[in-house]
Amino acid sequence: MRIPCTFLGHARWHAAMTRIVSLGLLCLLIAIPVAATAQDDVDNGQALLEALDVRSFQDKAEAINAIIESEDERANDWLQALLDGDLQRHKDDGRFVIVTDNVGREWPVIDALSGDDLGEMSRRDLARININNALRRQLRSALSMVELYTGDRDERREAAKGLIGKVDDELSDSLASRLENESDEDVRHRLNQALAVYRLEQGDIDAVETLAGSLNSDVRVALTRAADGEGAVADAAQAALADIEQTLKLNRGAETLYFGLSMGSVLVLAAIGLAITFGVMGVINMAHGELIMLGAYSSWMMQQLLPGYPGIAVLLSIPVGFLVSALVGVVIERSVIQHLKGRPLETLLATFGVSLILQQLVRTVVSPLNRSVTTPEWMSGSVAINDALSLTLNRLYVMGFAVLVFAALILVMHRTRLGLEVRAVTQNRAMARSMGIRATRVDIMTFALGSGVAGLAGVALAQLTNVGPNLGQSYIIDSFMVVVFGGVGNLWGTLVAGLSLGIINQVLEPWAGAVLAKIMVLVFIILFIQKRPRGLFPQKGRAAEG
Amino acid sequence: MNLWQSMARRDRVFDFLAPTASSVDVRHGPILYLEDVTVSFDGFRAIDNLNLTIDDGELRCIIGPNGAGKTTMMDIITGKTRPDTGSVWFGSRHDLLTMNEPEIASLGIGRKFQKPTVFEALTVFENLELAMAADKRVIPTLTARLTGEIRDRIDEVLTMTGLAEQQHALAGILSHGQKQWLEIGMLLMQRPRLLLVDEPVAGMTEQEMERTAELLTGLAGKQSVVVVEHDMGFVRSIARTVTVLHQGSVLAEGSMDQVQSDPSVIEVYLGESEEAA
Amino acid sequence: MHWLGRPFNERSTQLFLLVLVLAVTLVTVLHLAVSPQHPLYVSGYTVGLLGKYLCFALLAVAVDLVWGYLGILSLGHGAFFALGGYAMGMYLMRQVGDRGTYGDPVLPDFMVFMNWESLPWYWHGFDMAWFAFLMVFLAPGALALVFGYLAFRSRVTGVYLSIITQAMTFALMLAFFRNEMGFGGNNGLTDFYDILGFDLRSNATGLGLFIASGIALAFGYLLCRSIVASKLGRVCVASRDAEARTRFLGYRVERVQLFVFVVSAMLAGLAGALYVPQVGIINPSEFEPLFSIEIVVWVALGGRATLYGAVIGAILVNYAKTIFTGVMPDAWLFALGGLFVISTVLLPKGIAGVLAHRFRRREASNTTKTEVPA
């Protein structure tokens, strides 16, 4: 959790508070814990917590300090519970408890003093120890300091980051001493920044240099405040801010690019199956979107079958999604499309009918409502590149998946017997047949491949959006646009077209809004096709006219 | 801007669709004149320094082995392919190299492709009606009436091609030979000055061939006709003058007998057959 | 204008007009002259429903003109229909005047709601009926002109054209969903009061609109028939079957396509304009790609390139839709989807094809004609 920087107005009061806290913390951490009997602990603890249950927040602040100074081992748990609002007192017997889960009417609680499990208590019997925002800040700083001394590397990093902008005179001393003992470069860097913000507040012009280039929002707040004034410090701060602004712009650009690539890879995944059935075979399958939807539902179904193992379910749903969609694709090919060979417009209509049937089937069999697929742990979260830019992992995985699928398809089309036969059949069906290629079998295999890839797209999409009966519909027009834009029959064209359309969309979005951006992209493609009817990378020698 | 350009082009359509037959000036010699024409594709010289003249009203047969450049020559005349060097004149007034396909077509050069394409969903009569030289813009086409004059013209061509009985049948049900004649008939409806006919008897029966020969020889005198054909028997039956193309240029020219006794022609044809054997 | 009179000499057109006139008269009589208690009474609701079918039939005729005769499968006719509908809706909206919820004499309710100060420029003139009715044709016509000009000039045909017309419709749907467009966003235009001074809620106006739809259908049918029966119609068929060959004959195929496409779009706009006052609302859902493709299926089921088949298909499918959505709404999409497949795979010539086949067979057995096309 990032600590909000709303405390600026209370700087003086806050300084006083943190001084007390930091003193107490130092005592807590430097002193060797004194052995005490369990009974003593309970008594001391009871007294310490009693002190919290007072009206005045001023008194509470002192009680918190007392807890810190008590060097009690349980202090950290108490402070955390107090911060979270989980430290409560039983109305009848006055016992202090920590609520571990506050959902419903009956809450499971543990004894705050002994740590014993007390079972469930009715929420009506409990009274929360209230705190205000000032106390929350005090608690957070205190907890940060505790973590800075006791936490592992990641906790220390977070704690140091949380301290930026909250350092005062006395805390600065303790931080400086902590800095000497800190070995982790990242933690040191952040501590230095925290100290520099403090020094900047004191009017130290050298501090600006330390802060220059930082993307931390608290640092920026401090610099903005310093830049507000007059004199050398303000000038330096302004220069540093301008510099940071520049870097931020770059980061925003990188972020747009990332989102664009992510959206583009989704488009590529959705369109690449179509690039095979439509582009290579020349079959207009309007039910392609529904094959994507079926892939997504396979992913959902796997999770229903394997509750508690979202990771394995996702991995398994890759082959399952492929097979389900491929199978449905083959059924469509055999039952409808093969009867309409050479009549593309009729194929378009018939497969559209199939798409309606599939949608309604899912609505009837599963549910008309959207379902969501759990993202496995190793796919959730994000990778922080710097303070201003972090990349969500699931999108990163989808991108990687798109690259893998694309590479696999290129291999299949150019390095396998099937690929050779597909190209032979599409170029000259009669000739290919006379050379012993079973054209019908090739048709089925190719269509299964294209459909299966649509299923894979669905599996990937399930990780990004909700799964619903209309999922496919929203991708079919986009997919056709990508294939036509890239040049029909050209897998590389589909890749380039998908990625560039994704990026164009994301670039347009900030100033045009999502809907208008989409409209603009559609209009752009419509105009583009008029200009170059055969797409970005026209396939030579094959008639582009349907 | 584009719109204006296209509107300007629309005017040009009007101009060149106006009767132009008289604009072809043949007083000073041949109707078609190719001089030193060369064209190469990727270094391969499909046409190499070709010289050819066709007189007004002549029926000329062009023969030659595969790859001799017969089809390329047709492409050049109709504006589909541009030569690298040389000049191509239609009469003594029109430089064909400065014109595009529809312009050349409207000058009165008609071409029949190897594979017959007629409008199968329309009747024979309607096929001929569409092919007729007329104002082919949208609104005039919409309001066009079938006048007695037009009917006479269509009847004339129906008789010429021997399709009068089938005039109300859909073109799709015609036999292969009939389709070929219909297509020649469609060319005739445009009253071309010069008719380019590509392999008219490919796939025809003996009787159909005879009928085609009659049709083509009947045209000569009124129209200039250039026939490209493989079938030697057929060429012999219609030809007055034969031109032999070989490797993109004229190897021999003259009557069928002259050409057949020409040693270089014999060498080319025999030499090829020796190689093949 | 002799070309406009040509269809009157055709037996099929005479028959079609006869059936249409009889049907409209019958409904009118059953609505006006029969007492509401009588089982044969046609209620105002049913009249409205039938009027809606007639609008759809006109729309189907427009689609058949381009698809059946020109071979252009437009998935954008829903958009032309909707544009005509919006033009009419804007007129009806302006007719509301100060009777709206907010009582603004000029601004429609949704604009007041969005705190708009004044009418957007494109709303001006729609208070005048002649202007609005002109726009019913011009708005879809202009879109078709620009879109068709670009597409046909680049020789975009076949499925490519279908796909980009669908993209166009989709983009328009997204655009009309936006509130900022000034067409009422999601809700569209609704809560109309009267048209040309007649109360839209009265049965008499409903009947008038029904008859007007019948006349519009007759007009649209005749116009399409005149085009089809002219030499231009034969050029259309020629370009449908062998586009390059037609060009080679000297016809500017792209001009022919553009002309017919624009005429067809205008007819679709007219259908939309008559549809809106009868259903009382126009919203962006008419732009949905599904609707446009549904129209094509009416035509496919009825039989393409016949025009009367399109009318039969439109009325049949929409009647089925009314029944289905009333009795078992979930099954409708199954039925519609099945219809797509059946009409293309099993009935490639549609109902009209089956009828024509029967008819021809009977004729062949009656007469001793020698020539039987294969």
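**Notes on the three-chain model**

1. Let me start at the end of chain A: pLDDT (the predictor's confidence in each residue, from 0 to 100) stays under 50 over residues 541-546 of chain A. The model has 11 contacts beyond four places in sequence for this stretch, two residues being in contact if their C-beta atoms, placed from the backbone, lie within 7 Å. Residues 1-17 of chain A also stay under 50, with 12 contacts beyond four places in sequence. Over the whole of chain A, the average pLDDT is 82, and 90% of the residues score at least 70.

2. A word on conventions. This is a predicted model, in which local features need pLDDT of at least 70 and side-chain atom pairs count only at pLDDT 80 or more, while totals for chains, interfaces and linings use all residues. Residues are numbered from 1 along each chain as its sequence is written, and chains are lettered from A and ligands numbered from 1 in the order in which they are written.

3. Chain B has a mean pLDDT of 81, with 88% of its residues at 70 or more. Confidence in chain B is lowest in helix α1 (residues 2-17), at a mean of 46, and highest in helix α4 (residues 124-131), at 92. Helices (H or I, at least four residues) and strands (E, at least two) are DSSP runs, numbered from the N terminus. Residues 6-22 of chain B stay under 50, and the model has 14 contacts for them beyond four places in sequence. Over residues 273-277 of chain B, pLDDT is again below 50, and this stretch has 0 contacts beyond near neighbours in sequence. Where pLDDT is low, the predicted coordinates should not be read in detail.

4. Now to chain C, which has 15 helices and 4 strands. Its radius of gyration (taken over C-alpha atoms) is 21 Å, which agrees with the value near 21 Å for a compact globule of 374 residues; the globule rule is 2.2 Å times the number of residues to the power 0.38. The C-alpha atoms of chain C fill a box of roughly 75 × 60 × 45 Å along the principal axes. Of the contacts in chain C with a separation of 6 or more, 78% join residues 24 or more positions apart.

5. Finally, the contact between chains B and C takes 24 residues from each chain. On the chain C side, α1 (2-5), α9 (231-241), α10 (243-248) and α11 (253-279) each supply at least two residues. Helix α9(C) gives the most, with 7 residues.
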